[in-house]
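Reader: I would like a close look at one part of this model, with the surroundings described carefully enough to follow on screen.

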Amino acid sequence: MSGVLRAELVRLRVRRFTWLVLVVVAAVSASVAVYAWREARTPTPAEVAAAHESYQQDRAAWLDGGRDDCEKRNRDMKAKGFEPFDCDLFAPELENYVPYEPTWDDDGMPYLGSLASPVVIGALLLGASLVTAEFGAGSMGLWLTFVAPRGRAFRAKVAAAGVGGALVGLLGALVGAGGTLAAFAVLHRLHGNGWAASGVAGRLAVLGALAAVVGAGLGFALRHVAAVMGIALWWVLSVEVVAPLAWARARPLTLGLNVRAWVEGSAPYTVPQWVADPQLTGGGSVQDVEHVVRGLQGGLVLAVVAAVVAVAGLVVFRVRDVS
Amino acid sequence: MDELAVELRGLTKSYVRFPLTRVPVVRGLNLDVPAGGVHALLGPNGSGKTTTLRMLLGLVRPESGTVRVLGHAVPGALPAVVGRIGAVVEQPRLFPAFSGRRNLELLARAADVPAARVDEVLDEVGLRDRARDPVRRYSLGMKQRAAIAATLLRRPDLVVLDEPTNGLDPQGVHDVRALMRRLADQGRTVLVSSHALGDLEQVADTVSVLAAGRLVAQGRLDDLLASRGAPRLRVRVADPERAALALAGHGWSAHVDGGAVVVTDPPPAADVSRVLAGVGLYPEELTVLRPDLESAYLALTAGSGPAAVRDPAEVGS
Ligand SMILES: Nc1ncnc2c1ncn2[C@@H]1O[C@H](COP(=O)(O)OP(=O)(O)OP(=O)(O)O)[C@@H](O)[C@H]1O
Ligand SMILES: [Mg+2]
């Protein structure tokens with residue numbers, strides 16, 4: 001490791017802002033875990049017993065006249081020309097009484113997707129401020145009298161930002177995914193593959209690193225953390241939200257969808273499309289057709305975006321004066 | 001010593017001022033800084049000194065012209081020389097939240113300088129006691145000292161100091177002056193920009209003077225001062241008129257100026273005393289007036305005040 005990168009990593013470690021971001025991301029991730037603890041609760045034996053009891057009562061009532069009432073109403077309806085319906089659908093079933101028993105696969109894993117937002121925002125801020133603080137304090141000039149060429153200073157800073165972002169992602173995973181997993185393992189038999197959480201942790205780390213690189217790249221290009229935040233907000237509002245409304249096919253390029261695909265493994269989206277009806281020649285209708293962004297595709301899109309922003313930051317940094 | 005530490009040729013830089021007018025701040029500057037010794041860069045506020053120093057450090061890109069530092073083209077070959085340069089440009093800019101020591105340690109690490117060197121430079125600038133305080137709590141002079149310490153970390157061949165004595169107490173000014181002399185005596189080159197002409201006069205070997213982005217004088221300090229004319233002798237006596245007549249009678253050119261006699265191209269002071277005693281006048285004071293850097297500077301830069309407050313079209317044209 002070069003001395004420049006080591007110096008940047010030390011700076012990352014001793015900055016208060018780094019710790020602030022880590023604390024906030026940990027707190028937000030913890031709230032995800034807390035929510036999961038509430039949802040993961042297994043029904044108590046008393047609740048199950050009560051459920052059985054009310055099932056028995058309803059069942060008895062159903063057999064004792066309830067079913068006949070239904071059949072009678074069915075006959076009346078038929079007389080008025082309505083389609084008859086199946087009264088068995090209304091028969092009480094035990095499974096509708098017993099409280100739902102959550103499983104890790106269906107109820108735990110989907111929580112982990114919500115860790116992406118705090119990780120992305122935290123890592124972006126971390127990367128941006130690592131760079132902009134130096135422009136703000138004017139110490140970039142002094143730094144560049146020690147490190148040349150500028151590309152070298154740039155690489156070390158972006159790498160340090162990436163390391164910081166990866167730590168943000170890992171921390172989010174440790175607290176959020178770890179807490180959620182613990183909730184399901186402790187309150188409940190796991191019912192699913194707990195190891196999937198480690199995969200999420202790895203993907204959150206990569207996501208954090210990429211977000212921090214984007215933050216650092218924007219920091220080099222714009223030099224003010226407020227400007228970076230402004231651009232990010234503008235992007236979210238105009239490109240992520242409005243553009244897909246105007247042009248649905250752009251949806252697979254929105255970062256939100258790709259982030260979800262990357263963290264959760266895949267992300268579905270719908271595009272209104274003309275679907276021909278084989279029974280009508282030349283006929284058909286516009287329907288929402290579901291498509292899927294795969295995990296790897298999402299990761300690739302994010303990596304390309306990070307690379308493009310980083311290169312833009314480098315180009316601006318190399319030509320602009322530093323005072 | 002023919003070798004040049006810094007060689008600027010045809011250097012030009014202008015800044016865009018809203019809306020879209022280009023204001024030239026350095027105009028075709030040719031500047032030579034000989035290797036070894038203290039070189040003073042002088043000029044009024046806004047004359048382009050800091051901009052020039054930034055260009056030779058590769059921080060600001062010139063529009064045209066070439067920069068060579070220690071024999072290498074800048075910014076192209078900057079990586080080859082950056083390790084031999086130490087510089088503080090304008091205000092000392094360390095990380096305000098970190099202590100002086102931590103700042104220096106980070107720089108030392110980046111420059112692959114052993115950590116032990118940090119204590120040495122802290123001692124050299126007299127900041128060891130306060131090294132643990134965050135830089136944001138330093139006084140102006142302490143920040144200045146910390147920044148100078150940073151420049152010394154790598155034992156540079158070229159030290160660039162932009163107004164290094166700004167905010168320093170008299171002891172600090174004296175220390176910086178001694179430091180510059182010491183560096184020069186070790187064969188290093190010190191390029192210093194400052195308005196403290198009295199201090200520079202004591203320490204500078206060569207000078208260059210900028211006015212409105214152009215070079216108006218360059219050379220050895222002694223030569224510059226000599227070109228301002230020979231020393232003169234000021235004599236205070238009871239009757240200056242009669243004294244002037246008596247001295248003129250001996251073929252010396254003397255005139256009365258502000259209640260004293262001023263002898264230009266003067267003979268030895270002892271001869272003057274003897275002649276005056278001969279006519280019954282006894283000097284109360286005899287002072288040799290040498291042209292100083294301040295008067296030379298003022299004459300060279302007359303009429304080129306801060307560029308910013310003047311019509312750009314008129315400055316230096
Ligand atoms: N980043 C900048 N953008 C626009 N104009 C600038 C910038 N930096 C300097 N200038 C202008 O360039 C001119 C020269 O400035 P510079 O700082 O080089 O002067 P200086 O000789 O160092 O003055 P001083 O003695 O006051 O330090 C000034 O008119 C200044 O306003
Ligand atoms: Mg200046």
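How do the residues of the lining of the second largest cavity divide into nonpolar, polar and charged?

Author: In this predicted model, the lining of the second largest cavity divides into 6 nonpolar residues, 2 polar ones and 1 charged one. The cavity itself holds about 50 Å³ of space, and its lining draws on both chains, with A:S139, A:L142 and A:W143 on one side of the list and B:R93, B:L94, B:F95, B:N103, B:L106 and B:L107 on the other. Two elements give two or more residues each to this lining, namely α6 of chain A and α3 (100-110) of chain B. Under the classes used here, the charged residue is B:R93, since Arg counts as charged, while A:S139 and B:N103 make up the polar part.

For context, a search of the whole structure finds 4 cavities of 30 Å³ or more, and the largest of them has a volume of about 130 Å³. That largest cavity is lined by 15 residues, and those nearest its centre are A:G141, A:L142, B:V89, B:Q91 and B:R93; A:L142 and B:R93 also appear in the lining of the second largest cavity. Here α6 (139-144) of chain A and β6 (85-88) of chain B each supply at least two lining residues. By class, the lining of the largest cavity comprises 7 nonpolar, 5 polar and 3 charged residues.

How values were computed
Residues are numbered from 1 along each chain as its sequence is written. Chains are lettered from A and ligands numbered from 1 in the order in which they are written. This is a predicted model: local features need pLDDT of at least 70, side-chain atom pairs count only at pLDDT 80 or more; totals for chains, interfaces and linings use all residues. Side-chain values use heavy atoms; hydrogens and water are left out. On a 1 Å grid over the protein atoms alone, a cavity is a set of points where a 1.4 Å probe fits but cannot get out, and a pocket is an open set with protein on both sides within 12 Å along at least five of seven lines; lining residues have an atom within 4 Å of a point. Grid points are joined across faces, edges and corners, and a volume is the space filled by probe spheres set on the points. Helices (H or I, at least four residues) and strands (E, at least two) are DSSP runs, numbered from the N terminus.
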